[in-house]
Each structure stands twice: as C-alpha cells, then as structure tokens.
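Let's take a quick tour of this protein, one helix pair and one residue at a time. Have the model open as you read.

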Amino acid sequence: MYAMNRIFLQRAGLGLLTLFVISVIVFSATEMLPGDLAQAVLGQSATDEAVEALRRELGLDRPAHERYASWLAGVVQGDFGTSLASRRPVADLIATRLGNTLFLALYAAAIAVPLSLALGILAALMRNSLFDRGTNALALTFISFPEFFAAYILIYFLAQSGVFPSMTQIDANTAFGEMIYRAFLPALTLTLVVTAHMMRMTRAAIINLLASPYIEMARLKGIHPMRVILRHALPNALAPIITVVALNLAYLITGVVIVEVVFVFPGLGQLMVDSVAKRDFPVAQATALIFAAAYVLLNLAADVLSTRSNPRLIHRK
C-alpha cells in the first residue's frame, strides 16, 4: 500500500507540474498573437480613449508576469475570468458545454469499450482466421480515416437519408432518449476512430499471453478456449488494456473539437473554436486548460489502475 501511495503521489506531482507548464504555454500563446486585443475587441472605429479604457479594464497595461500570476490565482480558485464577447463569467459558459462534451464522450465510450474488447478477444481466439484478418483490415482502415472524413461519410449515408440528424441540437430541456438519438452520429464517429486502437491492443495483449506456460497447462487440461482467455489470459492482460482504454477516453474528451464542429454539437470543443474566432481569449484559455487537465487526470487514472491490476509493475526490474 505504501508503494502504491508513493506512485500515486509521484504521478500526481508530475501531473500538477505538467498542468503548470501547459498554463504557461497557453497564456504565452495568447500573448504572442499579433495585434492589440483591446483594439480587436472594440473594432477599428473605436477611439483611442475607449481602447485605453478597455486595456486598463482587462489589465493589459500591467506586465505579462503579473497578469499571468493573477490569472493563475483565479483559475486555482475556479474563477476563469469574464468572457469578452458575452460579458458573462467564463465558468458559467463552460459549465453546460462541459456537461455536453462529457455526455458525448461517455456515450461513445459506452459503445466503443465493450465493442473493442469483444472484437479483440474474438480476434485473439480466432487468430489468423478470416474474422481476425477482416477485423484487422477494418481497424487499419478506420485508423487511417481522419475524424472529419468519417463524420462526412456518416452524414452522407445516415443523415442525407433522414435516419439521423446531421446537426446535434440539444439543450438542458432535451429528454435523455432524444439526446441519445440526436448525438448518435457524433458518438458513432468517435467510436469508429477509437475502437480500432483498443481492439488491436486487446488482441495483442492476449496473444502475447497465450504462449505462457500456465495458459498451455490450462489448454492441456481441456478447458474451453473462451474460458482460458476470460479467466486466465484477460486478467493478466488488463494493465496494457487499461492504459490504452484510458488514453482513448482522454482522446474522446480532448479530441472532440473537430467532431463537435462538424455536427455543430454544443460542447466544449465548439465553444473553444467560437471563442478563438471571436478573439475571446479568456474562454479559449479556460477551455484549453480544461482539456489539458482532463488528459492529465485520465493518464493518472491509467497509471494507478494498471498498477493495481498488475502489482509487479510497482517493483523495479
């Protein structure tokens, strides 16, 4: 237990350091953008007095390191500032959009994780068969497709025929069943992208264990091949499978920007794109930091869960 706590604290410390570095990069990137932010917000017709007043209001007349320290202190307290476009607190804008993005990611994960595990187990069980070769060919095909291409293919075949809507119109009053229906195409797009990675990792991890002596002994005892995989091989293959599943879940949350834009899904990715287009930098900075935090947290969860599933990873070789 002490070793597990030590590993958790080490990973958490590295995660916080990573988030700190990312916050510096995000703030610096907006600082290096060309043009005057106050001038861009007010437009070219604004007077010099109005521009200067807005610069003082936004704190642009202070040195960059002071503004970064003030912004970071607010972020730690949950205050991301005020939107330049709507004059609303950034936290209020993010709250609903973040919930929609999490819903879409969990929806896709609920389809992709069981499907990829089942396909990976069956492909390992029927190694070098027609099914195995066919699933691997399909996996490589879907891996090669960019998200927007897969999205437009699904829109062409499933939305043009009227089966599913091409734009995802949901809000707080939308019923859960209606949300499932309207968000099916973006969830299916994400599923096609991530299933291939998880399926191939599951297959590779199980095949790697099938040559182990204890698996050979189980086979010699006449145990059914599916039972050998589910009861003996799969538990020992959980560490790499958990890692790749967690990384793909992180992608489902952080990589939804393109999918949300294609389907006009009211999520965090769409909000980030809109804020960049409007030069609403407080919102853009907040969304980028939230995406980074989600990725770091899921990587931390992957490390902890894979170590718990295989305690041998605690000890150095």
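Below are some notes on confidence, a helix packing and a single side chain.

First off, this is a predicted model. Its mean pLDDT is 83, with 94% of residues at 70 or more. Going by element, the two extremes look like this:

| Element | Residues | Mean pLDDT | Rank among elements |
|---|---|---|---|
| Helix α2 | 37–42 | 69 | lowest |
| Helix α8 | 176–182 | 92 | highest |

A word of caution: where pLDDT is low, the predicted coordinates shouldn't be read in detail.

Now for the helix pair. Helix α7 (residues 147–159) packs on helix α9 (residues 184–210), with the axes 9 Å apart and an angle of about 135° between them. That angle makes α7 oblique to α9, and their crossing is right-handed. On the α7 side, the residues that touch α9 are E147, A150, A151, L154, L158 and A159. Their partners in α9 are L185, L188, T189, L192 and V193. Sorted by class, this contact has nine nonpolar residues, one polar and one charged.

Over to V259, which sits in helix α13 (residues 257–262). Is V259 buried or exposed? With a relative accessibility of 1%, under the 20% cut-off, V259 counts as buried. Setting aside neighbours within four places in sequence, V259 contacts E147, P186, T189 and L190. Two of these names should ring a bell: E147 and T189 also turn up in the contact between α7 and α9. As for M199, its C-alpha atom lies 22 Å from that of V259, and the two residues are 60 apart along the chain.

Definitions and conventions
Residues are numbered from 1 along each chain as its sequence is written. This is a predicted model: local features need pLDDT of at least 70, side-chain atom pairs count only at pLDDT 80 or more; totals for chains, interfaces and linings use all residues. Side-chain values use heavy atoms; hydrogens and water are left out. pLDDT is the predictor's confidence in each residue, from 0 to 100. Helices (H or I, at least four residues) and strands (E, at least two) are DSSP runs, numbered from the N terminus. Axes are lines fitted to C-alpha atoms, for helices over the stretch in contact, and angles run from 0 to 180 degrees between N-to-C directions. Angles under 35 degrees count as roughly parallel, over 145 as roughly antiparallel, 65 to 115 as roughly perpendicular and the rest as oblique. A crossing is left-handed if the near helix is turned anticlockwise from the far one by less than a right angle, and right-handed if clockwise. Contact means heavy atoms within 4.5 Å. Ala, Val, Leu, Ile, Met, Phe, Trp, Tyr, Cys and Pro count as nonpolar, Asp, Glu, Lys and Arg as charged, and the others, Gly among them, as polar. Buried means under 20% relative accessible area, exposed over 50%, partly exposed in between (1.4 Å probe, protein chains only).
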